[in-house]
There are 2 protein chains.
Amino acid sequence: MSFKITILGSGSAVPLEKRSPTSQYIICQNRHFLMDCGEGTQIQMRKNGVKFQKINHIFISHLHGDHFFGLVGLLSTMHLLGRDKNLHVYSPKGLKEVVELQYKLGGGKLSFGITWFEMEANFKGIVFEDKKVLVRTFPLKHRIPTQGYVFEEKTKERSLIKEKFDDATLRIEDIPKIKQGLDVIDQSGKLHKVEDLSDFNPSFSYAFCSDTAYFEDIIPEIENVDLLYHEATFTEDMRERAKKTFHSTAIDAANIAKKANVKRLLLGHVSARYTDTIQHEKEAKTIFKNSIGVEDGMEFLVE
Amino acid sequence: MSFKITILGSGSAVPLEKRSPTSQYIICQNRHFLMDCGEGTQIQMRKNGVKFQKINHIFISHLHGDHFFGLVGLLSTMHLLGRDKNLHVYSPKGLKEVVELQYKLGGGKLSFGITWFEMEANFKGIVFEDKKVLVRTFPLKHRIPTQGYVFEEKTKERSLIKEKFDDATLRIEDIPKIKQGLDVIDQSGKLHKVEDLSDFNPSFSYAFCSDTAYFEDIIPEIENVDLLYHEATFTEDMRERAKKTFHSTAIDAANIAKKANVKRLLLGHVSARYTDTIQHEKEAKTIFKNSIGVEDGMEFLVE
């Protein structure tokens, strides 16, 4: 379970009983991230067994309510549950002000600090990086400044094939070199190719793109990811409405997935007019076979 | 069904799957009111079959998040569902700013107007009145300015007892007089006591008091109401915690109910530490017999 996405909310602007507004819980190499936080996200977290205090980084795509109205309540609950660890919030500019105003009105102060990373429109760059994971962001095309995000595992160490070591007279300091992918010369002077002593561990990546119109500029950003979540608010019969509101159809999402050569596509941010995603999936599959319409509570391994 | 309260949320600051933060739907003489609007209220409304657009007046007790974090989302949904009717929102000062800021960030504008009635601390008076219904507000005692509300039916017209009219030679203009409670003299000069020709229709009242510490100043405001909702965040073993946080225990609520001579008491705003209200109810009943611990989705007729 090194890389897993849980769909906490797969809906769009109007919350329904069975389809909450956007939020996702992402576990990557034991880092716990929250991606967007629509109203009721904290209840969806409870339903899906998410431990509130494990989350240290929250990424917000844009400041339409269905992507952030749940943040202030979640922060409040984290506070009431006694959090003292600092929290990092990444979003387009303006979120800090609205959150702080609400706590000021309530006469309260959070028990933990928040490091705000507020982006100007069209920001592109790395927002989080540690030894094992990297998160980068890039602009989408919507009615207001909106950011897409890619969550990437960094290059992993190779796994040693222990039984191949018997014949080699390696030095202890050769081990890290092999893990990092280097050939080594043993004490007897013999060259060992790294492929003979170790196995490659692939690194995986996940891209989140919501909300956005069809926008080919994102293709270089998400190229070859293992899993892409792309909004598909509408089916093809609503193409005009999609265009007008800067949203995508399932076909738009599938075309992006195909052109970006991703492995699998998740279709979400479904309009409240649909009771399921059968038609979205059907339409997307005419362009890109590995398309899946999502529902709240679904889990996906990135592999 | 002239006067009905639906408990949309009976919980306190930390929302749980089965106990939402405070909100109530009040129907009184076909007027549809919302009392408080914690996060997820719109989903609770859907679960309980509440028609969003029938609500024209929203009353907010105070600006702790569990009483208003759901408002901005509800307004947004009313907008997306095409509302054009004006909406009235009553609350302590500051709410308008935070709601407007959030729509400004989202680049949007609501499709309907809002008339804000923002109160200074310790405001007392009538906030809504029409032909049949009156709503008044008064200060509670909490950590920040907090308002209680009473919803009252005005004096109703008397119901005519048709069969008693046979022997009377009344004029057509006598009818409204009887309905309003006046004796009349018929065309033959005979006096008819209004009690002989018509039945009295009692008017009912409902008081909402949350959040508040034990506060006897509210007694004259809520005296003799038919139904009182009084917060009972804690049971008696947590009296110190109640005191420190300006909340009430079930015993506090029962003492207020008894001293104010109300008919029935609802105990709500239950702390997340409790899985039910059995103990609250048990303790309150030692003081005031007609005490009921509430759960989300419960309905109460005011009669």
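**Note on the predicted two-chain model**

1. In chain A, the charged end of A:Arg83 lies over the ring of A:Phe112, at 5.4 Å from the ring centre. Chain B shows a corresponding placement, with the charged end of B:Arg83 over the ring of B:Phe112 and 5.4 Å from its centre. A cut-off of 6 Å from the ring centre applies to CZ of Arg in this assignment.

2. These contacts are read from a predicted model. The average pLDDT of chain A is 95, and 99% of its residues score at least 70. For the model, ipTM is 0.91 and pTM is 0.93.

3. Aromatic pairs number 22 over all chains. In chain A, a cluster joined by ring pairs contains A:Phe33, A:Phe59, A:Tyr90, A:Phe117, A:Phe123, A:Phe128, A:Tyr149, A:Phe151 and A:Tyr206. In general, the distance of the centres and the angle of the planes describe a pair of aromatic rings.

4. How is chain B related to chain A? A turn of 180° with a shift of 0.1 Å along the axis lays chain B on chain A, with an RMSD of 0.2 Å. This is the relation of a two-fold axis. Within chain B, the C-alpha nearest the axis belongs to B:Gly40, at 2.8 Å from it.

5. Which surface serves the two copies? Both use the same one: of the contact residues of chain B, 100% recur in chain A. Contact here refers to heavy atoms within 4.5 Å.

Conventions:
Residues are numbered from 1 along each chain as its sequence is written. Chains are lettered from A and ligands numbered from 1 in the order in which they are written. This is a predicted model: local features need pLDDT of at least 70, side-chain atom pairs count only at pLDDT 80 or more; totals for chains, interfaces and linings use all residues. Side-chain values use heavy atoms; hydrogens and water are left out. Copies are superposed by least squares on the C-alpha atoms of residues with pLDDT of at least 70 in both. pLDDT is the predictor's confidence in each residue, from 0 to 100. Rings of Phe, Tyr and Trp (its six-membered ring) pair if their centres lie within 6.5 Å; planes under 30 degrees apart count as stacked, over 60 as edge-to-face and the rest as tilted. A charge sits over a ring if NZ of Lys or CZ of Arg is within 6 Å of the ring centre and within 35 degrees of the ring normal.
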